[in-house]
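The following exercises concern strand pairing, helix packing and overall dimensions. Each task is followed by a solution in steps.

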Amino acid sequence: MSQDIHFKKQIEKLLDQAGREHHSKHQGAYANRYVIRVMGGVPYEVMYEKGTKSPPNIWCLAKVAEHVTGVYCEIDRAERLRTVPSQYGRHSALEHMPQLANSDLAKFVPKTLTEVRTIIDAIRLLSDNFLKS
């Protein structure tokens, strides 16, 4: 097993532990869809690209990026969606996730498991604090 595939499997394991499978299910060999939340908190949708031809991208709401430092991240604005007729404009797994489909998103590209944990911790923090703010 190559180092890249092993790393992706480790990320998948962390996300499996942190959340539950999204009601729209995982997308075969290409992407996993999750919902992460703390007990009594607000659910946050997360999509993980696990395909062999893509980096280990973790997609979530853009506001998560405000709480994560030290992890490469691109903000993907919703305004660029469907600029070409009949084309969504993002990974197809996102289109079936109501919270993410038409929102501004953060696309994290973690290089270490510590970075993955940092992303998960930020999502949990937001889930827990949403009702408190």
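**Exercise 1.** Identify the bridge partner of Glu74 in strand 6.

*Solution.* The bridge partner of Glu74 in strand 6 is Lys107. Strand 6 covers residues 105-108 and pairs with strand 5 in the antiparallel sense over four bridges. Strands are DSSP runs of E with at least two residues, helices are runs of H or I with at least four, and both are numbered from the N terminus; two strands pair if DSSP finds at least two bridges between them. The model is predicted: local features need pLDDT of at least 70, side-chain atom pairs count only at pLDDT 80 or more, and totals for chains, interfaces and linings use all residues. Residues are numbered from 1 along each chain as its sequence is written, and side-chain values use heavy atoms, leaving out hydrogens and water.

**Exercise 2.** State the strand order of the open sheet and name its edge strands.

*Solution.* The six strands are ordered 1-2-3-4-6-5, with antiparallel pairing. Strand 1 (20-21) and strand 5 (73-76) are the edges, each pairing on one side only.

**Exercise 3.** Determine the order of elements from the N terminus on, and assess the compactness of the protein.

*Solution.* The elements run α-β-β-β-β-β-α-β-α. The radius of gyration, taken over C-alpha atoms, is 14 Å, close to the 14 Å from the globule rule (2.2 Å times the number of residues to the power 0.38) for 133 residues, so the protein is as compact as a globular protein of that length. Along the principal axes, the C-alpha atoms fill a box of roughly 40 × 40 × 30 Å.
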